[in-house]
Amino acid sequence: MSTSDTYDYRDELAAAVEAWDARGWPRPGVVLVSGSGLAVDFGEPAYGPIPLADLLPFPIHRIEGHPNTVEILAPLPDRPVLYYRGRCHSYQGYSAHQVVFPIRLARLLGARVLILTNATGGLDPARKPGDLVAISDQVNLSGLNPLRGDLPAAWGPRFPDMTGAYDPALRARAQATGRSLGIEIGEGIYLGLSGPSYETPAEVRAYHQLGGDVVGMSTVLETIAARHMGLRCLGFSLVSNAGAGWTEGPLDHQEVLAAGQAAAAKLHLLLEALIEDPGLEG
């Protein structure tokens with residue numbers, strides 16, 4: 001993947017929109033992205049699944065816990081949901097513009113709301129494996145930004161405001177939905193790194209002092225690109241493990257996947273209720 005880190009794929013995105021319409025799939029109002037081990041099964045999709053690679057102009061590399069397929073769900077007759085079962089990460093060798101290609105495509109297709117899920121480590125000792133956290137804000141320590149370069153003015157402003165990056169009204173709606181389902185949802189700040197190594201105990205302590213509640217290797221670039229283009233964002237972190245140093249023993253990707261499977265039922269209930277909520281986009 002030798003493409004410049006400022007190459008924004010504008011022509012490829014325009015071609016992908018044309019290819020989408022030629023496929024005959026409806027344009028979505030909501031886009032949902034699942035994180036590691038969090039690919040919830042909503043049953044038979046209205047359209048698909050197809051490989052994510054069919055939509056991308058660059059190769060995709062498989063990573064465990066990410067099926068990397070695409071579906072269209074139809075929870076409401078007038079609001080199709082574009083469901084990305086998996087994502088690209090910068091640690092796989094992708095540029096920031098490649099990481100956010102699926103998000104930009106969704107916005108160009110007409111999506112207005114983005115729901116992101118991810119598996120995270122707990123920076124706060126109070127965060128326990130299995131906890132569900134609604135993201136209230138983020139700290140981007142990845143060293144990357146998908147707005148580098150000379151992007152089309154039609155996509156958004158040169159210097160977008162990131163106040164309220166995670167929409168407060170959407171978050172309040174999600175927490176109310178969680179309460180109605182008996183699902184406890186915390187709230188916290190997501191700290192995004194490039195990965196793929198896990199954090200050292202010293203880094204965990206430092207990141208917690210910076211204000212982070214959970215830490216992961218995705219999401220921050222997608223949110224920046226989404227807000228730049230006017231998408232309202234709602235994010236959920238599943239705490240899959242305590243940060244290094246808070247517990248004994250090494251961290252392991254299998255632990256992340258196992259935590260995702262254990263929390264799948266409550267996450268499924270929450271997401272299903274949200275995408276069926278007729279007021280989600282209001």
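Ser218 is in contact with Arg87, His89, Asn118, Tyr190 and Leu193, leaving aside its neighbours within four places in sequence. These contacts come from a predicted model. Ser218 sits in the loop between β8 (214-216) and α6 (220-228). Two further residues, Leu55 and Arg85, are described below, followed by the whole chain.

**Ser218**
- Ser218 counts as buried because its relative accessibility is 12%, and buried means under 20%.
- Its side chain makes a polar contact of 3.5 Å with the side chain of Arg87.
- Arg87 also appears among the residues that Ser218 contacts beyond four places in sequence.
- A second polar contact, of 3.0 Å, links the side chains of Ser218 and Thr219.

**Leu55**
- Leu55 also lies in a loop, the one between β2 (47-51) and β3 (69-76).
- Is Leu55 buried or exposed? Its relative accessible area is 11%, so Leu55 is buried.
- Neighbours within four places in sequence aside, Leu55 touches Ala16, Trp20, Arg23, Ile50, Val70, Tyr84, Phe101 and Leu105.
- One of these partners, Ile50, belongs to the range of β2 (47-51).
- Another, Val70, falls within β3 (69-76).
- Leu13 is 42 residues away from Leu55 in sequence. In space, their C-alpha atoms are 9.2 Å apart.

**Arg85**
- Arg85 is part of strand β4, which covers residues 79-85.
- Arg85 has a relative accessibility of 14%, so Arg85 counts as buried.
- Which residues does Arg85 touch, not counting those up to four places away in sequence? They are Ser34, Ala39, Val40, Asp41, His66, Pro67, Asn68, Thr69 and Glu71.
- Two of these, Thr69 and Glu71, fall within β3 (69-76).

**Fold and overall shape**
- The protein chain has eight helices and nine strands.
- Its radius of gyration is 18 Å, close to the 19 Å that the globule rule gives for 282 residues, so the chain is as compact as a globular protein of that length.
- The C-alpha trace spans about 55 × 45 × 35 Å along its principal axes.
- Among contacts with a separation of 6 or more, 82% join residues 24 or more positions apart.

**Burial, surface and charge**
- Of the 282 residues in the protein chain, 52% are buried.
- The accessible surface of the chain is about 11600 Å². Carbon and sulfur atoms account for 52% of that surface.
- The chain carries 21 positive and 31 negative charges. The mean positions of the two sets are 4 Å apart.

Technical notes
Residues are numbered from 1 along each chain as its sequence is written. This is a predicted model: local features need pLDDT of at least 70, side-chain atom pairs count only at pLDDT 80 or more; totals for chains, interfaces and linings use all residues. Side-chain values use heavy atoms; hydrogens and water are left out. Helices (H or I, at least four residues) and strands (E, at least two) are DSSP runs, numbered from the N terminus. Buried means under 20% relative accessible area, exposed over 50%, partly exposed in between (1.4 Å probe, protein chains only). Contact means heavy atoms within 4.5 Å. The radius of gyration is taken over C-alpha atoms; the globule rule is 2.2 Å times the number of residues to the power 0.38. Accessible areas come from the Shrake-Rupley method with a 1.4 Å probe; for residues, only the protein chains shown count as cover. Lys and Arg count as positive and Asp and Glu as negative; His and the chain ends are not counted. The place of a charge is taken as NZ of Lys, CZ of Arg, CG of Asp or CD of Glu. A polar contact is a pair of N or O atoms within 3.5 Å; within protein, one must be able to donate a hydrogen and the other to accept it, and residues adjacent in sequence count only if both atoms are side-chain atoms.
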